[in-house]
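Colleague: I should be grateful for a close look at one part of this model, namely the packing of its interior, followed from there to whatever adjoins the topic. Please set the account out as one connected answer.

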Amino acid sequence: MRGRIAPTGHGPVRYASIGPEPGLPVLGELAAVLAAAAGRGDTEPPGGGRVLLDAACGYWGRRGLPTARETVVAAPGPQPLLLALAAAVGGDVLLPRPCPAWWAPQVRLLGRQAYSVPTPAECGGVPDPYALLETVRRVRSEGGDPRLVVLSVADDPTATVPPPEVLHDALEAALGEGLHVVSDETWRDTVHRPQETVLISPAEMHPHDVTVLSGLSGGYLPADWPAGAARFPATADGAVLRSRTLDVLTALGAFVAAPVAAAAAHALGEPTGISERLTAAVRLHARVADAVHQAVLAAGAMSRPPQTGRHLYVEMGQLSASLAARGVTDAMELEDHLTERLGMPTPGGHRFGDELGALRVRLSTGPFLGATGEERLAALDAADPLELPYVAEALRLVATVLGDLRADRARGGPPR
């Protein structure tokens, strides 16, 4: 019957991301800015108003990326920006595997193909250059039209930062094949040890070939105050791409709400209060991430050391026999099993583009910080948050649940 939706159970946009996690309470000065702008009678123009765009230019300029207002577009979050960019560039899209859960759905909404490319051994966030070349050539030989590659230098889900030489090789491979590069830098300001970790934007290496994408929920605004910005190359081609992207955003009605725009501009100006809160939050999440990482390794699972953001990506294939004895044989079943036992969202790797049969999950640090705003603020202010009873209990639970799997493997017997 015409117009009937195919009963696939998921539709064309599969494994969409789960809802936002509980965060720290909104900083008072940020809430005051939003409240003061709530009575505004005007609206933000398509692509963002002057104040917001100038704040974004200043933000990027302080990070070694001089930016002019006419090269920037703002939208209500990075999702519509990526959707509009993919529509403007056209063709198929290449994504590293794994990648943020929201990337592939934007491509699929357009009816385009999203091809996953394995990441190098050192890190996530960027495609392995040799695998990228092989994938591009295979796709073209099969009649596909790859034009865009999306990567991240501060990666969710893997919490890694690619070394400069790895990033360089990935960019050379992509640009050598004529692909446009989108760099999602939403989490760039959440590097756990900035003195030890070198983070370079692809736009610093290739300013004429890279569009930078940034969502403010990575460190500056709550997830339910959606705002993001894109920085286009200052070239003739970049101007065309910006115009096409703005056309799509306008057609979607994807405009930043005026009160959110005011809060975003304030946050991007990085006043002392905002900077101090971000520094403290990064320190807190890093401390908890290290503790969770130690529990993961002690249980015999694998995870790269967390370098950025609020997550860890855990490989549990070493515990496959113990998991199979519990009826867990793929990522969806692993997600259900751990979410129930840990009492916190534990999305499986299938949400991030990994193969369904791979026993991988993403653990987030947010749920370890407490169940209420008061508890999370106490964790933020604590000299050692791991000593707080509710943080310690959450860590003990993870160690116990994963430790049971390791014990079963050691005994070679059924689950206890």
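Modeller: Leu-132 is a suitable place to begin: beyond its neighbours within four places in sequence, this residue is in contact with Leu-94, Val-117, Pro-127, Ala-170, Ala-173, Ala-174 and Leu-179. The model is a predicted one, and the contacts should be read in that light. Leu-132 is among the residues with the most contacts inside the largest nonpolar core, which has 60 residues. Leu-94, one of its contacts, is also listed among those residues, together with Leu-30, Leu-52, Trp-60, Val-181 and Leu-221. In soluble globular proteins, nonpolar side chains tend to be buried together. A second core, separate from this one, has 37 residues and includes Ala-301, Leu-312, Val-314 and Leu-395.

Val-117, another contact of Leu-132, leads to strand 3. This strand, residues 114-118, has a covered face made up of Tyr-115 and Val-117, while Ala-114, Ser-116 and Pro-118 lie on the uncovered face. Such a pattern may be set beside a general rule: in a regular strand the side chains alternate between the two faces of the sheet. Strand 3 pairs with strand 2 (residues 92-97) in the parallel sense, over five bridges. In this pairing Arg-97 stands opposite Pro-118.

Charged residues also occur in buried positions. Asp-155 lies in the loop between strand 4 (146-152) and helix 6 (164-176). Asp-155 is buried yet takes part in no salt bridge, and the nearest side chain of opposite charge, that of Arg-304, is 6.5 Å away. Because a salt bridge requires the nitrogen and oxygen to be within 4 Å, no such bridge is counted for Asp-155. Its side chain does make a polar contact with the side chain of Thr-158, at 2.5 Å. Apart from neighbours within four places in sequence, Asp-155 is in contact with Pro-100, Gly-124, Gly-125, Thr-160 and Thr-308.

Elsewhere the count of salt bridges comes to 20. In one of them the side chains of Arg-63 and Glu-270 meet at 2.5 Å, N to O. This pair links distant parts of the chain, 207 residues apart: Arg-63 is in the loop between helix 2 (50-61) and strand 1 (72-75), and Glu-270 is in the loop between helix 9 (258-268) and helix 10 (272-298). Arg-63 counts as buried because its relative accessibility is 16%, the limit being under 20%.

A further salt bridge joins the side chains of Glu-177 and Arg-137, at 3.2 Å, N to O. These two are 40 residues apart, with Glu-177 in the loop between helix 6 and strand 5 (180-184) and Arg-137 in helix 5 (residues 129-141). Glu-177 is buried, with a relative accessible area of 15%.

Arg-351 and Glu-335 also form a salt bridge, their closest N and O atoms being 2.8 Å apart. Arg-351 is in the loop between helix 12 (331-342) and strand 10, and Glu-335 is in helix 12, 16 residues apart. Both Arg-351 and Glu-335 are buried. Salt bridges with shared partners also join Arg-62, Arg-63, Asp-189 and Glu-270 into one network.

Key: Residues numbered from 1 in each chain as written. Predicted model: local features only at pLDDT ≥ 70, side-chain atom pairs only at ≥ 80, totals over all residues. Heavy atoms only, no water. Helix = DSSP H or I, 4+ residues; strand = E, 2+ residues; numbered from the N terminus. Buried < 20%, exposed > 50% of the residue type's maximum accessible area, 1.4 Å probe, protein only. Lys, Arg positive; Asp, Glu negative; His and termini not counted. Polar contact = N/O pair within 3.5 Å; in protein donor to acceptor, adjacent residues only side chain to side chain. Contact = heavy atoms within 4.5 Å. Core = buried A, V, L, I, M, F, W, Y, C linked by side-chain atoms within 4.5 Å. Pairing = 2+ DSSP bridges.
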